[in-house]
Every structure is written in structure tokens, then in C-alpha cells.
Amino acid sequence: MDDTHPALCLWVELTKDTNLVDSTAGAGTSLGASQTIGQIAKYGTTPMRYSWMIKRMLEHIEAKSVLELGTSLGLNVSVLAEAQTVQSVVTVERNVMLAQKAQTHFSLLGVDTKVRLLEQDIDDVLPNMLDCGESFDLIYLDANHTYEATMRYWGMLRGLVNPQLGVVIFDDINWSSGMRRAWEEISGAFGQGIVIENFQMGILVFKRELSKKSYVLDF
């Protein structure tokens, strides 16, 4: 990981930001009714080493389209948008202040022409995408970390991922017993490719001609 990468440098600056954000949406990153930008940067964003890992995965499978659910400050998706093969990225965030911050960061990091931010609720966005027949090579889920929401999203994401060679990533699979339960049910029933997990993430690789294999990584 490059310590001088603009996204990492921006993250360091954001950890010092004491401006408050009203954050009542979702679960898994809330520190109360409100929290500072600095707290969100420290505790509510994907660690950069995972962003770089996913970027390499995107390039390996030659992914062209990405969907991220849970934009937060926009740092993770900015790294993903840098992948050489990626042509378009859609990211969803319903918190107004976070969405505005993320849009500013996309411009600062030079990825604003690749990234389209939808300031909406995920439960509204996914059905519309299904109705429009949209498809994505990689989907990254880092939003409402409850059992019910994760299972609900998964029911729709299966129709949005590229079945020939696509990836769905669930963040924070060990954040709670409910999140762990959701991951175990989803991965246990998955029969369309490869299951990979580490302590942070669960990854499903869709490739129909592969027999199911499961891997646990120390990363």
C-alpha cells in the first residue's frame, strides 16, 4: 500500500475533522445519534488495505462495472474507481451530509467522471435497478449491518451481479451475531462458484462452471 496515495492522505486529514454529522441511517458504524467526520473516518470506513485488495480483484477479473452500497466518505469507492478496467461506478448513500462530502472527495481524487452517487435509500434503489435490467461485475455491500437488511439486500443483489464472472462482497461479517448469521446462511446456500472469507469480509465469486469451494484467508 502506498503511504503517499491521495486517498490515504485524505483519510489522515479527515480523521482530524471535528464537524458533526447526524448519522441515524443504517447500523454497524453509528457511534450515537451524531458523530464527527473524524470518528466516521477512523471507525466507519473500509480500511485502505482492503480497498487495495478489492481494486486488484477488479483488475484480475477485468471488471467494468461496480456497485457500492454505503458510500460513507467516498474513499473506498474512489480507490475502486482507479482500477484500470473499471468504466463506471455507482455508489448509494442516503445521508445527505455524507453524500455531499463524498462528492467533494470524488472531485479531489479525480474520479468524479467515473463515479455516480445516488442519494437514496438502498431499498428504493435496488428494485429500480432490477426493473431496468442493470448488471454489475462487482457489488460491495457496506451499509445496514443487520441480519434482516442483509438478507433483504441479498435477495435483490443476486439478480444484479454478473452470473458469468461476478463478485459480491459483504463487509463486517463479524460485526454482530446477526451479521454472522446472515453470512453463514448466504455462503452455506451459495452454489454458483467460490466462497472466500477473512475476519472482515465475505466474498462470493460467481462462475457457474466452477464447483463450489470455500476458503478462509488470513489477511
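Is C132 buried or exposed? Exposed, at 61% relative accessibility. One caution before I go on: this is a predicted model.

Let me stay with cysteines for a moment. C9 is partly exposed, because its relative accessibility is 37%. That value falls between the 20% and 50% cut-offs. C132 counts as exposed because 61% is over the 50% mark. As for disulfides, the structure holds zero. For anyone who wants the reminder, a disulfide is a covalent bond between the sulfur atoms of two cysteines.

Now to the strands. Start with β9, residues 201–206. Six of its six residues are buried, so β9 is largely enclosed by the rest of the structure. Look at the two faces. On one side sit M201, I203 and V205. On the other sit G202, L204 and F206. Every one of these is buried, and both faces are covered. The general background is simple: in a regular strand the side chains alternate between the two faces of the sheet.

Which strands pair with β9? One is β7, residues 166–171, antiparallel to β9 over six bridges. Within that pairing, V167 stands opposite V205. Another is β8, also antiparallel, joined to β9 by five bridges. Here I196 has I203 as its bridge partner, and E197 has G202. A hairpin links β8 to β9 through three residues.

Stay on β8, residues 193–197. This strand is mostly covered, with five of its five residues buried. β8 also pairs with β10, residues 213–216. That pairing is parallel, with four bridges. In it, I194 stands opposite K213 of β10. So much for the strands.

Next, a pocket. Rolling a probe the size of a water molecule over the atoms shows where empty space is left. The second largest pocket has a volume of about 190 Å³. Eleven residues line it, and the closest to its centre are M57, I196, I203, V205 and L217. You have met some of these names. I196 and I203 are the bridge partners from the β8 and β9 pairing. V205 is the residue opposite V167. Which elements give two or more residues to this lining? They are α3, residues 48–60, and β9. α3 gives the most, with three residues. By character, the lining divides into nine nonpolar residues, one polar and one charged.

Two loops to finish. The first holds N95, between β4 (88–92) and α5 (96–108). Buried or exposed? N95 counts as buried, because its relative accessibility is 10%, and the cut-off for buried is under 20%. What does the side chain of N95 reach? The backbone nitrogen of M97, at 3.1 Å. A polar atom of the N95 side chain also lies 3.0 Å from the backbone nitrogen of L98. Both M97 and L98 are worth finding on the screen as I point to N95.

The second loop runs between α1 (6–14) and β1 (20–22), and K16 is found there. K16 counts as exposed, because its relative accessibility is 55%. Compare N95, which counts as buried at 10%. Where does K16 sit relative to K42? Along the chain the two are 26 residues apart. In space, their C-alpha atoms are separated by 9.4 Å.

That is the tour. Questions, please.

How values were computed. Residues numbered from 1 in each chain as written. Predicted model: local features only at pLDDT ≥ 70, side-chain atom pairs only at ≥ 80, totals over all residues. Heavy atoms only, no water. Disulfide = S-S within 2.5 Å. Buried < 20%, exposed > 50% of the residue type's maximum accessible area, 1.4 Å probe, protein only. Pairing = 2+ DSSP bridges. 1 Å grid on protein atoms, 1.4 Å probe; cavity = no way out; pocket = protein on both sides within 12 Å on 5 of 7 lines; lining within 4 Å. Points joined across faces, edges and corners; volume = space filled by probe spheres on them. Nonpolar A, V, L, I, M, F, W, Y, C, P; charged D, E, K, R; others polar. Polar contact = N/O pair within 3.5 Å; in protein donor to acceptor, adjacent residues only side chain to side chain.
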